[in-house]
Amino acid sequence: MRPQVGQLINNKYRLVRLLGDGGMGSVFEATHEVLGNSVALKFLHPELARRQGLVQRFLQEARVSAKIQSPHVVRVTDVEQTPTGLPFMVMDFLKGVSLQTLYEENYRAGKRVSFEDALNYSMQVLDGLEAAHEEGVVHRDLKPDNVMIVKGKRGESLVKLLDFGIAKLKINGELYKGLTRPGVIMGTPEYMAPEQVFSADAVDARADIFSCGVIFFEMFAGRRPVGGDEAHQIAAAYLSGNIARLKDLAPHVPDLLADAIHKAMAADPKDRFATVQDLRAAMAPHARDVV
């Protein structure tokens, strides 16, 4: 049986409301019965918890997320199992909106993310991603739904990266394999690097850089560089160079900034920035200009 609102989990956490429900699990706002603070609990679906490989992947997500220490990555504070064996992780409860929700709100209002906000959010995404890459973690599913915008202590916009569920983690210098396999597409096609479409097991940090390029393009232009949602067609568009140009859609974006975003989205990983730091260095002068 799936967790229900009002249920008391492990005599500690009272489920308050469902925040999200996906293919792998569900996320609830909960209240710690003793401390009184709000947390988020992410559960693996019970029907999936009977499959050992999926439990391993869920526990891997908890371990991966807990390793990353950054104000721009949601913090995982614990991982537990219910008496019936259902695994769940305890995370900071975030009050805010996803970048995807912001897009939808702007669309209804007939506007787009401002140039200044797009730069600000982009630089914070890179800060969080750098912290992950320093721990040997490649996210592999960066998309607007996984970018949360909350308010900081001084009312400033603070970006948090979520869901390292299909991340790959380096352990003792080796990539932890077995949770993915060649030929299986894992990720979100609209933001996925071409090499990830054709060989999910072979990607490195440059796949995240590609995803950042698409996310940043969309923030500045109000649309993605390639339409559609079929992974192989999208990958073919990038490989053939049949993509929109940022300057055509957003002439106000400086040439060098547009060039950096297109370099991040290069079809061949060798043509992209090698590291997040390199991409940040290319974008930082423009961010300083709008401060």
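These questions and answers walk through a predicted model of one protein.

User: How many helices and strands does the secondary structure of the protein come to?

Analyst: The model is predicted, and its secondary structure holds both kinds of element. One of the helices is α10, which spans residues 276-290. One of the strands is β2, at 13-21. The totals are 10 helices and 12 strands.

User: What is the radius of gyration of the protein, and how does that fit its length?

Analyst: The globule rule gives 19 Å for 291 residues. The protein comes close to that value, so it is as compact as a globular protein of that length. Its C-alpha atoms fill a box of roughly 55 × 45 × 35 Å along the principal axes. The radius of gyration is 19 Å.

User: What share of the residues in the protein is buried?

Analyst: A residue counts as buried when its relative accessible area is under 20%. H286, at 11%, is one of the buried residues. N106, at 8%, is another. Over the 291 residues, the buried share is 52%.

User: What share of the contacts with a separation of 6 or more joins residues 24 or more positions apart?

Analyst: Here the contacts are sorted by how far apart the two residues stand along the chain. The count takes in contacts with a separation of 6 or more. Residues 24 or more positions apart account for 61%.

User: How much of the accessible surface belongs to carbon and sulfur atoms?

Analyst: The accessible surface of the protein comes to about 13800 Å². Carbon and sulfur atoms hold a share of 50%.

User: How far apart are the mean positions of the positive and negative charges?

Analyst: The protein has 35 positive and 36 negative charges. Each set has a mean position. The two means are separated by 3 Å.

User: Is H286 buried or exposed?

Analyst: H286 sits in helix α10. Its relative accessible area is 11%. The cut-off for buried is under 20%. Therefore H286 is buried.

User: Which residue offers a backbone nitrogen to a polar atom of the H286 side chain at 3.5 Å?

Analyst: Leaving out residues up to four places away in sequence, H286 touches L119, P254, L256 and L257. One of these also has its backbone nitrogen 3.5 Å from a polar atom of the H286 side chain. That residue is L257.

User: Which residues does N106 touch, not counting those up to four places away in sequence?

Analyst: N106 lies in helix α3, residues 99-109. It is buried, with a relative accessible area of 8%. Its contacts beyond four places in sequence are K111, R112 and V113.

User: Where does N10 lie, given its positive phi?

Analyst: N10 is not a glycine, yet its phi is about 50°. At 22% relative accessibility, N10 counts as partly exposed. Its place is the loop between β1 (8-9) and β2 (13-21).

User: Is N11 buried or exposed?

Analyst: N11 is also in the loop between β1 and β2. Its phi is positive, near 60°, in a residue other than glycine. The relative accessible area of N11 is 65%, and exposed means over 50%. So N11 is exposed.

User: How far apart in space are L19 and E218, C-alpha to C-alpha?

Analyst: L19 is in strand β2. It is partly exposed, at 39% relative accessible area. Not counting residues up to four places away, L19 touches V27, F28, E29 and F93. E218 is 199 residues from L19 in sequence, and the C-alpha distance is 25 Å.

Key:
Residues numbered from 1 in each chain as written. Predicted model: local features only at pLDDT ≥ 70, side-chain atom pairs only at ≥ 80, totals over all residues. Heavy atoms only, no water. Helix = DSSP H or I, 4+ residues; strand = E, 2+ residues; numbered from the N terminus. Buried < 20%, exposed > 50% of the residue type's maximum accessible area, 1.4 Å probe, protein only. Contact = heavy atoms within 4.5 Å. Polar contact = N/O pair within 3.5 Å; in protein donor to acceptor, adjacent residues only side chain to side chain. Rg over C-alpha atoms; globule rule 2.2 N^0.38 Å. Areas by Shrake-Rupley, 256 points an atom, 1.4 Å probe, with all protein chains shown as cover. Lys, Arg positive; Asp, Glu negative; His and termini not counted. Charge placed at Lys NZ, Arg CZ, Asp CG, Glu CD.
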